[in-house]
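Me: I have a structure open and would like to learn how to read some of its features. Could you take me through them one at a time?

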Amino acid sequence: MPTFAAFDGTQLSYDVIGSGRPLICLPGGPARASVYLGDLGGLGAQRRLIRLDLRGSGGSAAPADPATYRCDRQVGDVEALREHLGVEQIDVLAHSAGGDLAVLYAARYPERVASLALITPSAQALGIEFTERDRREAAGLRMGEPWFTEAYGALGRIWTGRGTDADWEGVRPFTYGRWDAAARAHAASGAAQRNADAAARYAAEGAFDPESTRAALAGFGAPVLVLAGEVDGGPRPRVAGEVARVFPRGECVVQRDGGHFPWLDDAGWFVGAVAGFLG
């Protein structure tokens with residue numbers, strides 16, 4: 001895997017899939033190795049995917065200072081990757097918790113972003129939270145699924161603070177639009193791909209200043225796509241629309257029956273939506 005030095009000397013790695021104009025891909029988790037993104041449903045046939053492993057995950061080294069796992073402190077890593085690639089501007093795709101990192105990068109380096117695609121993104125950086133109401137609403141859409149009763153019971157125990165490890169395993173079907181063999185395999189790989197310590201520090205106190213970030217993005221000129229899954233609990237489509245409205249050129253699209261990993265639920269639709277946006 002290719003590597004480069006981050007702002008503090010930490011060696012970071014990335015994968016390259018496909019050819020053509022590069023698309024920087026920031027994974028979620030937080031702190032999950034970027035391999036879970038795969039080729040984003042075939043998007044690698046359209047663009048050269050640069051899948052970055054954030055510090056301490058995948059092939060990237062752990063930093064000497066664990067405080068640098070904090071989201072805002074990893075903005076410099078994205079800029080170091082841009083410089084390493086030798087390009088003036090980058091197209092950025094970010095998934096889930098990676099959305100916060102992408103938003104902070106856009107706020108700090110707006111002139112470096114050609115376009116921004118936020119896929120089922122977290123938006124703590126903008127002061128937008130996903131509530132229990134959102135999760136319950138999304139869960140209620142799955143009542144017809146054969147696994148619903150058991151999974152909803154596990155979800156209830158988690159909401160009341162009585163959730164066990166088995167309950168957290170039991171609610172995984174809610175995350176996917178289709179709980180098929182591919183989704184099961186994808187879900188099962190998650191724990192081994194995630195750095196728990198890095199994840200715990202990612203949104204630590206001081207990571208986000210929504211008021212300042214929103215002010216910095218008020219004149220952001222690049223186009224922004226916010227893609228939501230119809231049955232995803234975080235973000236719900238209406239919340240994704242709120243995220244899109246932060247950006248002067250933001251737009252929101254919703255994948256029918258899509259969950260939190262929309263490239264697994266309908267790869268053709270996903271690739272068409274993202275490739276059409278990127279141009």
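Me: Let's begin with Ser96: is this residue buried or exposed?

Reply: This is a predicted model, and in it Ser96 has a relative accessible area of 14%. Ser96 counts as buried because that value is under 20%. You will find Ser96 in the loop between E5 and helix H2 (98-108).

Me: What is the phi of Ser96?

Reply: First the general idea: most residues other than glycine have a negative phi. Ser96 has a positive one, near 55 degrees. Thr120 is another non-glycine residue with a positive phi, about 35 degrees. Thr120 sits in the loop between E6 and H3 and is buried, with a relative accessible area of 0%.

Me: Which peptide bond leading into Pro30 should I look at, and is it cis or trans?

Reply: As a rule, most peptide bonds are trans. Here the bond from Gly29 to Pro30 is cis, its omega being near -10 degrees. Pro30 belongs to the loop between E3 and strand E4 (48-52). A cis bond also links Gly234 to Pro235, with omega near 5 degrees; Pro235 is in the loop between E7 and H10.

Me: You keep naming strands. In what order do they lie in the sheet?

Reply: Read across the open sheet of eight strands and you meet E1-E2-E4-E3-E5-E6-E7-E8, with mixed pairing. Strand E1 (3-5) and strand E8 (250-255) are the edges, each pairing on one side only. On average, neighbouring strands are turned by 25 degrees against each other, direction ignored. For a single pair, take E6 (residues 113-119) and E7 (residues 224-229): they run parallel and are joined by four bridges. Ala117, for instance, has Leu225 in E7 as its bridge partner.

Me: Which strands does helix H12 lie across?

Reply: Helix H12 (residues 267-278) lies across E3, E5, E6, E7 and E8, at about 170 degrees to E7. Helix H10 (residues 237-244) lies across E6, E7 and E8, at about 160 degrees to E8.

Me: Last one: how many residues line the largest pocket?

Reply: The idea behind finding empty space is to roll a probe the size of a water molecule over the atoms and see what is left. In this model the largest pocket holds about 1,400 Å³ of space and is lined by 46 residues. Gly29, Arg135, Trp168, Thr175 and His260 lie nearest its centre. Among the elements giving two or more residues to the lining are helix H3 (132-140) and helix H5 (165-170). By type, the lining has 24 nonpolar, 12 polar and 10 charged residues.

Methods: Residues numbered from 1 in each chain as written. Predicted model: local features only at pLDDT ≥ 70, side-chain atom pairs only at ≥ 80, totals over all residues. Heavy atoms only, no water. 1 Å grid on protein atoms, 1.4 Å probe; cavity = no way out; pocket = protein on both sides within 12 Å on 5 of 7 lines; lining within 4 Å. Points joined across faces, edges and corners; volume = space filled by probe spheres on them. Nonpolar A, V, L, I, M, F, W, Y, C, P; charged D, E, K, R; others polar. Pairing = 2+ DSSP bridges. Axes fitted to C-alpha atoms, helices over the stretch in contact; angles between N-to-C directions. Contact = heavy atoms within 4.5 Å. Buried < 20%, exposed > 50% of the residue type's maximum accessible area, 1.4 Å probe, protein only.
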